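These are my notes from an afternoon with one model. I wrote down what I looked up, in the order I looked it up.

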Amino acid sequence: MSPREAPDRRKTLGEFRVNGERREVAYEPHRTLLEVLREDLDLTGTKHGCELGECGACTVLVDGVPVLSCLTLAQEVEGCAIETIEGMADKGELHPLQDFFAELGASQCGYCSSGFMLASKALLAQNPSPSRDEIRVALSGNLCRCTGYVKIYEAVELAAKKLRGEPCEPSRECTHGR
Amino acid sequence: MGADAAGSGAPIERPEGRYLHGVPDADLKVVGKPWRKIDARARVTGQTRFADDLFAPRMAYCKLLRSTQAHARIVRIDASAAEAMEGVYAVLLGKDLPITFGILPVSQDEHTLCIDKVRFVGDPVAAVAAVDEDTAWEACRKIVVEYEALPLVTDVFTAAATDPEAPHEHRIHDYGRLGNFHRQENLEFGDLAQGFGESDLVREDFFFFEGNTHLPMEEHATLATFDPDGKLCVQSSTQTPHYLHRALAKVLAEHVPAHKIRVIACPNGGGFGGKSDPFSHEIAVAMLSIRTGRPVKVTLTREEVFYTHRGRHPVLMRSRIGVSRSGRIKALDFETHLDGGAYGSYGTASTFYTGALQCVTYHVENYWFRGARYFTNKAPCGPKRGHGTPQPRFALEVQMDKLAVELGLDPVRIRKDNLVPANSLTANWMRVGTMALGRCIDQVVAGSGFLDRWQKLPHGKGVGLACSSYLSGAGLPIYWNAMPHSGVQLKLDRSGLVTVFCGSTDIGQGSNSILAYVVGEVLGLDPQDLRIVTSDTDLTPVDLGSYSSRVTLMTGNAALQAAERARDLIAPHVADKLGVPRNRIGFAKGRVFDVSDPDQGMPFADAVQLAESKLGTIGTTGSYRPPKSPARYKGGGVGPSANYSFTAAVVEVDVDPETGIYTVPRIFVAHDIGRSINPCLVMGQVEGSVYMGLGEAMMEEMSYRSDRFGVHKIPSMLDYKSPTTMEMPELITWLVGDPDPNGPFGAKEAGQGPLLPIMPAVANAVFDAVGVRVDEVPITPEKVFEGIERARKGKEPRVGPTKTPHVDWPEARKVRTPWQGGTGLEVEREQEELAAARANGGASRERRGD
Ligand code: FES
Ligand code: FES
C-alpha cells in the first residue's frame with residue numbers, strides 16, 4: 001500500500017467527562033463513542049448489537065439525552081457529560097431502575113439492559129410519572145429479545161414510584177401470574 | 001472430589017429423594033419464591049463480561065472472509081497480498097484445517113473454512129489475525145478468491161427435482177440421500193387405512209412456515225488463547241461448551257489433545273438456539289492463536305450473525321386428518337418438507353421433531369409421519385426455540401380450528417374432547433406424565449371471555465385459541481453414550497461456603513440461579529450465599545448444554561442428588577453430637593438442628609467442620625440421565641422427555657378490513673409448569689416466549705433473492721422486522737399445573753412451549769375477524785389483504801401453499817401403537833426380537849438340562 005492511500009490512523013488527544021470523572025484519551029479520530037468507551041476506557045457495560053443505529057443496545061446519555069454511541073463520533077462529545085451504565089449506581093447502591101430490573105428479572109441476559117435503563121432514566125428525568133404508553137414510546141428504539149418488554153415496563157413503573165417516594169412493591173401478578 | 005461417600009454406583013436415572021415433587025409448597029423455603037437471580041446485580045451494573053467484553057494483552061483481532069457466491073467451486077485462492085501486509089499476523093485458509101465437524105455425528109459436513117467449494121453467501125473461506133479490526137478487514141479484502149459458479153438451489157421444489165443421475169456438481173453435498181435430499185423419514189404408527197375408514201370427515205390442508213432467525217442481541221464472539229505450555233483456552237458465546245469442546249478436539253487433533261483444551265462459555269447475550277452449534281469462527285480463532293502465539297478474538301458483525309443463522313427451518317407441510325362426527329381424531333397423515341440450507345447442523349433431529357410432538361396434546365389413534373430435509377444454498381438452518389415443533393404445531397392448531405368450524409363445534413370443545421390423558425402413551429410411544437392442558441385451556445378461555453366473543457365480535461375483530469406442548473429436555477444426548485446428561489459437584493468449605501460446580505450455561509434464563517435455589521433449599525442456605533461455578537470444561541462436570549429446555553430439569557435433578565448426599569454426609573455427625581436420632585436432623589436458615597427442638601443445633605459452618613473432622617474434605621457429586629423411553633423404534637430417539645409442559649393461548653386481533661393491517665391488543669396465556677422453582681423467572685420465560693412467537697407470527701422472516709444468486713435480502717436489524725415495545729401487546733399470564741414426579745421439586749420447562757401456540761392463535765384470530773385463512777407464517781398484512789381481496793372477488797378466502805414436492809419416500813417403518821399391543825419397536829424388529837427370545841429361551845433350557 002502506498003503511503004498516499006494508507007488511512008490516517010494517528011491518534012488525537014481528547015478529554016471526556018464520563019460518569020462525573022475527567023478522562024483523557026488518545027484515540028483515532030474516526031472512532032465512535034462506543035469504541036472509545038469500550039476499548040479505550042474499558043467501560044464494557046455499554047453494548048453493541050448492530051453498530052448501525054438499529055438496536056439501542058449502545059445507548060448512553062450525553063448531557064442527559066439518550067444517544068446511540070455507535071453512531072456518535074467520540075470527537076462530537078468531547079467536553080459533554082457522558083453517562084454510562086457504570087455510573088448509574090451511587091457508591092455501590094443501585095439506582096432504583098437497576099434495583100427493579102434486577103428484582104423482576106427485567107434483565108434476563110442483560111445485554112440490552114444498560115441501553116434500556118439509561119433510556120428510562122432520561123425518560124423519568126423528564127416525566128416522573130409516565131403512563132405505560134409513554135414508556136413504550138420512550139423505549140421503542142431499544143430492542144430486547146428476551147423479556148417481551150413486560151418486566152421492563154413494570155420495572156420502570158416501580159422505579160418511577162420509588163423516585164417519587166411512593167410505595168413500590170411488585171404486584172403478585174407480575175411475579176406469579178394472575 | 002474428597003470423601004464422596006455416596007458418589008458412585010447409585011442409579012442415575014432419577015435421584016431417589018425425600019425432596020422431590022411431593023413436598024407441599026408450604027414446606028419449601030427457597031423453591032417457589034420469586035428470588036432475584038444470583039447474578040442480577042452484575043447484569044444490571046454492566047459487570048457481566050460477555051465474550052466481546054474480554055480483552056487480553058497482545059490480543060489480535062480476527063475477521064473472516066466470507067463467500068460472495070451461493071454455490072461455487074473455489075478455483076483459486078491467493079492470500080499472499082494479505083499475508084504481506086503490515087500488522088497481519090496470520091492468514092488461515094481451508095486447507096489448513098482439513099478435518100470436518102458438525103454438531104451431529106451423522107452430519108460432520110462443515111469445514112472451518114471452505115476448501116474446494118462454497119455453499120451459501122456468507123460461507124467462511126479465510127480468516128485473518130491482525131493488530132486491529134480495520135487491518136484484519138483490509139487484509140480480508142486483499143485475499144483473491146476465484147469462483148466458478150455451480151447450479152443454484154434455493155427452494156425445496158428445485159432441490160427435490162435435482163436429477164439423481166445429474167453430474168455431481170448439482171448436489172450441494174455428496175452425502176445424504178440422493179440429489180439434494182438430506183433426510184427422508186417415513187414412520188407409520190397404527191393402521192391408517194382403518195383410521196381414515198372410520199372417519200366421518202377427512203380434511204387435507206397445506207401449510208407453510210417461513211424461516212426466521214434468533215436475532216440474539218449479542219453478536220457471537222470468541223477469544224482463544226494458546227499458552228506456551230500447549231494448552232488452549234476458548235472463551236465463547238456458546239450455549240454448548242461441551243459440544244464445542246468435542247468439535248475443537250476433533251478438528252485440532254493434530255495440534256492439541258482434548259484434555260489440553262478448555263472451553264469456557266461466557267454468559268450469553270441471548271441464545272435461543274443460535275449459539276448451539278460449534279462454529280467456524282470459534283475454531284478459526286483457536287487455530288490462529290496456535291499459529292500466532294497470541295490471544296485472538298473474533299466478534300461477528302450483525303450481518304455475519306444472519307449468515308451464521310441455524311434458525312427456524314422453512315417448512316412446507318401437508319396434513320390430512322380424519323375425525324369422527326364429534327371431532328375425535330382417528331387418523332393423521334402428516335408430511336413435512338424442511339428447507340435446511342447449506343449444512344446439516346441439527347437438521348436430522350429437526351426433521352424428526354417436525355413429527356414428534358403432534359400426538360402429545362391430542363389423542364391421535366393412528367399416525368403417519370413423513371419428513372424430508374433438503375440442502376439449499378442458503379444460510380444453514382438449525383434449532384430455534386421450539387426446535388422443529390412450531391411449524392407442525394401451527395399446522396395442527398389451524399387445522400383443528402378449521403375442523404371445529406366445519407363440524408359446527410367450538411374450538412374449545414374439539415380440543416378438550418381430544419386431550420391426551422395424563423400418564424399415558426401416545427401413538428408414537430411418547431410417555432406423557434402430568435398433563436394440565438385442560439386447565440390451561442379453561443384458564444385462558446374463562447379469562448379472555450373466549451366463548452362469548454368467538455364468532456360474535458364485529459367484523460374486523462377476532463379471537464383465536466391454540467395449544468401446545470414442549471419437552472423438558474431431550475431424552476437422548478446428541479452423540480450416543482451412556483453417561484449422565486448433567487453432572488454437579490459440591491464442595492463444602494469450613495467457612496460454611498458451598499460451591500456448586502456444573503457445566504451448564506446461563507444464557508439469561510437463570511440456570512445459574514436454579515442451581516443455587518435447589519442446593520439452597522436442600523441444605524437450608526440462602527441461595528445468594530452460595531458460589532456457583534459453571535460452564536467451564538476444565539472445572540465443571542459435563543452438562544450437555546442450554547438447549548431443548550433441558551437445563552432446569554436435568555441440572556436441577558443432579559444438584560438435588562448432590563445436595564442430598566451432602567446432607568447425608570453431615571447429618572449423622574450432627575446427630576451424634578446432639579445425641580438425637582439421625583432422622584431428626586433438619587437444615588434451614590443456615591443452621592443444622594434437631595427438628596423436635598430447633599434451638600438444639602449449630603451453624604451450618606460448624607456442621608461442615610464437624611463432618612470434615614470425621615471424614616476429611618467434604619464434597620459430593622450428583623448426576624442425571626432422563627428415564628429410558630418406550631419409543632424403541634429407529635427415529636424414536638427424538639421427542640421423548642422426562643416430562644412435557646403444556647400451554648394454551650388466546651390472542652385478540654384487530655384487523656383493518658381495508659388494508660389487512662392488524663394489531664394484537666391482548667394475549668392470554670396459561671402454562672403448565674408443574675411447579676415453579678422461581679415463579680418470577682418462569683413468568684419471564686413465558687413472556688419472552690410469547691413475544692418471540694408473536695414476532696414469528698406477524699413479521700419475522702429470513703428472505704433470499706432466488707433471482708440474484710441467493711443473497712439474503714435483509715441481513716440487518718432494521719430490515720429484519722422484530723417486535724418493538726410498540727407491537728408488544730398486553731399479556732395476561734397464568735401458571736398452572738401440579739408438581740411432576742420427574743422434575744426437580746416437580747418442575748417442567750418454560751422457555752419454549754409458550755412460544756408455540758402464538759402463531760396459530762393469531763391465524764385463528766384473523767380468521768375469526770375477517771374470515772380469511774392465512775395458512776402461512778408470517779401472517780403479514782399483505783397476506784391478510786390478499787385474502788380479503790380474494791373474498792371480494794368470490795374466490796376462496798385463503799392464502800397459502802397448495803402443493804408439496806414429489807418425494808419417492810423410502811418404505812415406512814411400521815410401528816404398532818400401544819393400544820394395538822405394540823412394544824415400541826418396528827414390527828419387523830419385534831419379530832426379530834421374538835425370534836431371538838425364543839432362541840435364547842431354548843438355549844437356557846438346554847443349559848438347565850445339563
Ligand atoms: S449498537 Fe445497535 S444501535 Fe448502536
Ligand atoms: S434481556 Fe436479553 S436482550 Fe434484553
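**Entry 1: confidence.** I began with pLDDT, which is the predictor's confidence in each residue, from 0 to 100. For chain B the mean pLDDT is 95, and 97% of the residues reach 70 or more. I then looked up two stretches of chain B. Residues 1–19 have pLDDT below 50, and this stretch has 46 contacts in the model beyond near neighbours in sequence; a contact means heavy atoms within 4.5 Å. Residues 844–850 of chain B are also below 50 in pLDDT, with zero contacts beyond near neighbours in sequence. Where pLDDT is low, the predicted coordinates should not be read in detail. For the complex, the predictor gives an ipTM of 0.96 and a pTM of 0.96.

**Entry 2: ground rules.** I noted that this is a predicted model, in which local features need pLDDT of at least 70 and side-chain atom pairs count only at pLDDT 80 or more, while totals for chains, interfaces and linings use all residues. Residues are numbered from 1 along each chain as its sequence is written, chains are lettered from A and ligands numbered from 1 in the order in which they are written, and side-chain values use heavy atoms, with hydrogens and water left out.

**Entry 3: chain A against chain B.** How many residues does each chain bring to the contact? I found 53 from chain A and 60 from chain B. The buried area (the accessible area, with a 1.4 Å probe, that two parts lose on being put together, summed over both) is about 4,900 Å². Carbon and sulfur atoms give 54% of that area. In chain A, the residues that lose the most area to chain B are A:Gln108, A:Arg145 and A:Arg178, together 18% of what that side buries.

Next I looked up salt bridges (a side-chain nitrogen of Lys or Arg within 4 Å of a carboxyl oxygen of Asp or Glu). The rule finds seven between chain A and chain B. One pair I looked up is B:Arg36 with A:Asp99, whose closest N and O atoms are 3.0 Å apart. Helices here are DSSP runs of H or I with at least four residues, strands are runs of E with at least two, and both are numbered from the N terminus. Six helices of chain A, helix 1 (33–40) through helix 6 (172–176), each supply at least two residues of the side that touches chain B. Helix 2 of chain A gives the largest share of that side, six residues.

**Entry 4: two domains of chain B.** The bounds come from an automatic or database domain assignment. Domain 1 is 51–150 + 219–267 + 275–308, and domain 2 is 484–624. How far apart are their C-alpha centres? They lie 39 Å apart. The contact joins 15 residues of domain 1 to 15 residues of domain 2. About 1,100 Å² is buried between the two domains, and carbon and sulfur atoms give 50% of it. In domain 1, B:Gln239, B:His242 and B:Arg262 lose the most area to domain 2, together 45% of what that side buries.

B:Arg262 came up again under salt bridges, where B:Asp538 is its partner, with the closest N and O atoms 3.8 Å apart. Across this interface the rule finds two salt bridges. Helix 6 (241–251) and strand 11 (261–265) of chain B are the elements that give two or more residues to the domain 1 side. Strand 11 gives the largest share, five residues.
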